Amino acid sequence: MKIGIGNDHTAVDLKYTIKEYLESKGYEVVNYGTEDRERCDYPIYGEKVANAVASGEVDLGILTCGTGVGISLAANKVKGIRAVVCSEPYTAKLSRMHNNTNILAFGARVVGPELAKMIVDEWLNAKYEGGRHQRRVDMISEIENKR
């Protein structure tokens with residue numbers, strides 16, 4: 001599985017921690033984030049990862065900024081993206097199982113490296129259940145297609 005990872009200036013260190021962690025588990029990681037710790041604009045990196053996921057260049061995406069909120073908002077503007085911000089593992093797991101999320105976001109100022117790894121594990125190990133949830137995922141897509 002190929003995972004795109006993106007970040008802004010606040011999350012360079014956490015990005016590398018997660019990148020190395022994913023690679024140690026056998027995932028291929030494509031880095032779309034900044035290497036620079038100078039202030040930059042998170043929407044750039046949210047859009048880059050979202051475009052890579054939407055086009056099939058990568059299978060899933062992981063985004064980090066200060067809180068995870070801004071970068072996920074940018075990603076969610078790309079058609080076909082269902083990005084979720086998670087600060088704990090349970091929501092990450094259920095977001096995949098019920099909402100078929102394809103991008104995970106969290107904040108470098110909110111979660112530490114070990115909690116981030118737990119969140120990533122729960123998200124990646126969860127499987128979309130479909131069934132009763134598919135109707136709602138389709139409804140989300142219908143909203144997106146109205147534009």
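In helix 1, the buried residues are Val12, Leu14, Lys15, Ile18, Lys19, Tyr21 and Leu22. These assignments come from a predicted model. An α-helix has 3.6 residues a turn, so residues three or four places apart point the same way. The buried residues of helix 1 pack against strand 1 (2-7), strand 2 (28-31) and strand 3. They also pack against strand 5 (103-107) and helix 5 (113-125). The length of helix 1 (residues 12-24) was checked against its residue count. At 1.5 Å a residue, its 13 residues should span 18 Å. The end C-alpha atoms are 18 Å apart, so the model agrees with the expected span. Glycine 26 follows helix 1 and has a positive phi, near 95 degrees.

The strands form an open sheet of five, in the order 2-1-3-5-4. The pairing is parallel. Strand 2 and strand 4 (83-85) are the edge strands, and each pairs on one side only. From one strand to the next, the twist averages 25 degrees. In the sheet order, strand 3 stands between strand 1 and strand 5. Strand 1 and strand 3 run parallel and are joined by five bridges. Within this pairing, asparagine 7 has threonine 64 of strand 3 as its bridge partner. Strand 3 also pairs with strand 5 in the parallel sense, over five bridges. Here isoleucine 62 stands opposite leucine 104 in strand 5. Leucine 63 stands opposite alanine 105, also in strand 5. Helix 5 lies across strand 1, strand 3, strand 4 and strand 5. Its direction is at about 165 degrees to strand 5.

Strand 3 is mostly covered, with six of its six residues buried. Leu60, Ile62 and Thr64 point one way from the strand. Gly61, Leu63 and Cys65 point the other way. Residues on both sides are buried.

Strand 3 also holds one of the annotated positions. An unreviewed UniProt entry lists Cys65 and His98 under "active site". The two positions span 34 residues in sequence, and their C-alpha atoms are 24.7 Å apart, so they do not gather at one spot. Their surroundings were therefore examined separately, given that separation of 24.7 Å.

Cysteine 65 lies in strand 3 (residues 60-65). Its relative accessibility is 3%, so cysteine 65 counts as buried, the cut-off being under 20%. Leaving aside residues up to four places away in sequence, cysteine 65 touches Asp8, Thr10, Ala11 and Tyr42. Gly70 and Ile71 are also among its contacts. The remaining contacts of cysteine 65 are Phe106, Gly107, Ala108 and Arg109. Of these, Phe106 and Gly107 fall within strand 5 (103-107).

Histidine 98 is found in helix 4 (residues 89-99). At 24% relative accessibility, histidine 98 counts as partly exposed, because the value lies between the 20% and 50% cut-offs. Again leaving aside residues up to four places away in sequence, histidine 98 touches Tyr128, Glu129, Arg132, His133 and Val137. The two listed positions thus have separate settings: cysteine 65 is in strand 3 and buried, whereas histidine 98 is in helix 4 and partly exposed.

How values were computed. Residues numbered from 1 in each chain as written. Predicted model: local features only at pLDDT ≥ 70, side-chain atom pairs only at ≥ 80, totals over all residues. Heavy atoms only, no water. UniProt positions renumbered as here; feature names shortened; annotations may be inferred. Helix = DSSP H or I, 4+ residues; strand = E, 2+ residues; numbered from the N terminus. Buried < 20%, exposed > 50% of the residue type's maximum accessible area, 1.4 Å probe, protein only. Contact = heavy atoms within 4.5 Å. Expected span 1.5 Å × (residues − 1). Pairing = 2+ DSSP bridges. Axes fitted to C-alpha atoms, helices over the stretch in contact; angles between N-to-C directions.
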